[in-house]
Amino acid sequence: MTPSDAQTTTYRTRGGVTVHRQATPCDPEVLTDLVRDVETRRGGVLSSGMEYPGRYDRWHLGYVDPCLELAARGRRVTATALNARGRVLLPLVAGVLEPAGVDFDHGPGHAAVTVPEPDPAVFFTEEERSRRPSVFTALRAVVDLLSAPDDPNLGLYGAFGYDLAFQFEPVERHIDRDPADRDLVLHLPDAVIVRDRKRETCVRYTYDFTVPAEGGRPGAGTEGLPRETGPTPAVVAADVPEGPEPGSYAAVVARAKEKFRRGDLFEVVPGHRTYARCSSPARFYEQLRERNPAPYEFFFNLGEGEYLVGASPEMFVRVSGEPGTGQRVETCPISGTIRRGEDALGDAENIQELLSSVKEKSELTMCTDVDRNDKSRVCEPGSVRVIGRRQIEMYSRLIHTVDHIEGTLRPEFDALDAFLTHMWAVTVTGAPKTWAMRFIEQNESSPRRWYGGAVGVVNFNGAMNTGLTLRTAHIRDGVAAVRVGATLLYDSDPEAEERETFLKARALMETLALSEEASGPAAPDAPGEAAERGGEGMRVLLVDHEDSFVNTLADYVRRHGAEVTTVRYGFEPELLDRLAPDLVVLSPGPGLPGDFGMAALLDELHARRLPVFGVCLGLQGMVEHAGGELRTLDEPVHGKPGRVRVLGGELVAGLGEDGVFQAARYHSTYALPDQVKGYEVTAVLDAPGEEPVVMAVEDRENRRFAVQFHPESILTASVGEEIVARALRLARG
């Protein structure tokens, strides 16, 4: 890259500032260096690791050493020049802040103002709520000062705290706050690196500002002034607090259910905090991006020893288009959660369960109805619509259902109006919002700070892109606080909701633990390395009854270290002596056991006292050989799932949740428990209104086991391989 590659653009902002922008191609690796810099100096890195067409593209941007910082503590707003370049802009910023409030204070490196409470004598309609005096009055003044079209990258980057909502909603405080805590921190960077990971471009945008002379104030410019700022406090180690007491969240759920019963709430999203050590926020951010990609990945050094690192799955408010011409407002509320499966097959089963859940559908429906209401306050009549319903988004540990909602902003409103009318998202508060926020304030044990707020950018071209601060670690003094919550309804189960909160925190907590390892980057998981390979050293004879699944069954056996020999049925008995198997597996197959002369083979196996494991047709042959009776189903079941209830034994004991698991059925022949002889029935079909079809039998003394379902099918993925492993172990005796 050479200076000749740079492109220079000059334009003038609404407030009279001349902006000189230079765009220079750069190596994407500079973003890696920038992450390290942000650990020690103010700055931010934002990225998107997900690509969902129509919602999210993959991108990456960052900055360090911003020239100006805008922060708020309560209603007090302070603009701070962080270097000489910021001091060039500060007089203009001070000039627009002063009319926004009272108690104005202007020094060499800062300007501060307190925005007063709204005058109770001044009437505001609900449509005008977003224009009531608040810290956003001051923020809007700064944005207007620097407003200019056609620059998608210059703007204010940072974080919006949860307590900002209390400037709009009458919520009485019950939790003590530290007066030093900030509710808003936004940076004005004058150098931004932007990588488009879809187009594989990377550009460094640098800005210089020229301020005109006005009212006795001399003109000034930033060209040639250094961009560096001073270091922020080093990360220090503090004691890690204890996490929430077990059962405490479930108790909050129980209290919420009483509110639902009274009709005070429709849904509510309380949270609680867990803690972990974090000595390097930069390392944690890089590992979190790798292990838990999300649409809104971020790392902010907010100064004063405070960091935010997150991988949020949820958009808050995104505004695009030219101001005053019908800007598009988008949100993507998330509600409905289930864990990831062990593999794609498990994912599919869990997705089906999630989409079939009436409770999860109700959660998202209420969120979307509230979100549509939020947009209707500021959007054109008839423009608010759902453009994506219960769409699936998959993350490292969780699967969510997501709606996508859009509206067209009325010309008299701007991006900040859109932002404020959604504050805060129903997915982190509840409905009705004000009552839900009161419940949260009364039942959480600590202030939310940044959780449930937003991070992102307010662009000076009128656009905005923000994500909710979910799956976020707030880091101070080397300790990361991770707050998580769950969406509660009247039919919520307290213990299950508490478990869900810890499941949501799991990705961050695991990554925090890995980032503290002295070896540096996390090693990939190696599941099963220490697990016993139940078939190690065993010889297995697999009898093929002209079945279409025999090779998969053989593969399952080989996975556990056994040597498998597959032989088509009808072989001479002397082969049993020559192969001397440790286990004989009777495969599934078409027809009936008699079509394959299975009784004669079982006589030979019993004479040699060889262990046997039968699958489907194999079970039928073993039951019939022992004197049991077989029947034919009125309707065959081929390639369909069945619920299997465990009754006892060793082969299937403890499998499934509450003794029930799903398994694949491919059969028309079956047995009933009272028709089985010589075997213990250890599992049956669990289907109300249907006969208790035998699903598993065993004769432990003679090491004979069988299942009616197909353990090798994808429909039995959750337990199939474990059943094969157990059959091998039980065959050893």
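How far should the 22 residues of helix H10 span at 1.5 Å a residue, and how far apart are its end C-alpha atoms? I would like to open with that question, and before answering I should say that what we have in front of us is a predicted model. Helix H10 covers residues 494-515, and at 1.5 Å a residue it should span 32 Å, which agrees with the 32 Å that separates its end C-alpha atoms. The helix does have a bend, however, of about 45°, and that bend falls at Arg 506.

Let me turn to a second helix, H15, and to the loop that leads into it. H15 runs over residues 720-732, and its 13 residues reach 19 Å from the first C-alpha to the last, which is close to the 18 Å expected at 1.5 Å a residue. A good part of this helix is buried, namely Gly 720, Ile 723, Val 724, Ala 725, Arg 726, Ala 727, Leu 728, Leu 730 and Ala 731. What do these buried residues of H15 pack against? Their partners are helix H11 (550-558) together with the strands S28 (539-544), S30 (583-586), S31 (612-615), S33 (660-670) and S36. Just after H15 comes Gly 733, which takes a positive phi of about 90°.

In the loop between strand S36 (704-707) and helix H15 we find His 710, and the relative accessibility of His 710 is 1%, so this residue counts as buried. The side chain of His 710 is joined to that of Glu 712 by a polar contact of 2.7 Å. If we leave aside the neighbours within four places in sequence, His 710 is in contact with Phe 549, Pro 588, Val 615, Cys 616, Ala 664, Tyr 666 and Thr 716.

Now to the aromatic residues, where the structure holds 16 pairs. One of them is formed by Phe 160 and Phe 419, a tilted pair with 4.7 Å from centre to centre and 45° between the planes. Phe 160 belongs to strand S9 (residues 155-160) and Phe 419 to helix H8 (residues 415-421), so this pair ties together parts that are 259 residues apart in sequence. Both Phe 160 and Phe 419 are buried. A further pair is made by Phe 316 and Trp 424, whose ring centres are 5.2 Å apart and whose planes stand at 50°, so this pair is tilted. Here too distant parts of the chain are linked, with Phe 316 in strand S18 (residues 315-320) and Trp 424 in the loop between H8 and strand S23 (430-431), 108 residues apart. Phe 316 and Trp 424 are both buried. Which residues do the ring pairs link into a cluster? The cluster holds the four residues just named, Phe 160, Phe 419, Phe 316 and Trp 424, along with Phe 136 and Phe 168.

Rings also appear beneath charged side chains, for Lys 257 lies over the face of Tyr 490 at 5.2 Å from the ring centre, while Arg 448 lies over the face of Tyr 162 at 4.9 Å from the ring centre.

Trp 424 deserves a second mention, since the peptide bond that runs to it from Met 423 is cis, with omega near -25°. Another cis peptide bond joins Ala 431 and Pro 432, with omega about -10°, and Pro 432 has its place in the loop between S23 and helix H9 (433-443).

On the subject of backbone angles, Glu 200 is not a glycine and yet has a positive phi of about 55°. Is Glu 200 buried or exposed? It lies in the loop between strand S11 (191-196) and strand S12 (201-211), and at 51% relative accessibility Glu 200 counts as exposed, because the cut-off is over 50%. Arg 703, also not a glycine, has a positive phi of about 55°; Arg 703 sits in the loop between strand S35 (694-699) and S36, and with 26% relative accessibility it counts as partly exposed.

I will finish with Ala 481, which is placed in strand S27 (residues 479-485) and counts as buried at 13% relative accessibility. Its C-alpha atom is separated by 9.8 Å from that of His 272, although the two residues are 209 residues apart along the chain. Beyond the neighbours within four places in sequence, Ala 481 is in contact with Arg 273, Thr 274, Tyr 275, Thr 472, Ala 473 and His 474.

Conventions:
Residues numbered from 1 in each chain as written. Predicted model: local features only at pLDDT ≥ 70, side-chain atom pairs only at ≥ 80, totals over all residues. Heavy atoms only, no water. Helix = DSSP H or I, 4+ residues; strand = E, 2+ residues; numbered from the N terminus. Expected span 1.5 Å × (residues − 1). Bend = angle between axes of the 7 residues up to and from the residue. Buried < 20%, exposed > 50% of the residue type's maximum accessible area, 1.4 Å probe, protein only. Polar contact = N/O pair within 3.5 Å; in protein donor to acceptor, adjacent residues only side chain to side chain. Contact = heavy atoms within 4.5 Å. Phe/Tyr/Trp six-rings, centres within 6.5 Å; stacked < 30°, edge-to-face > 60°. Lys NZ or Arg CZ within 6 Å of the ring centre and 35° of its normal.
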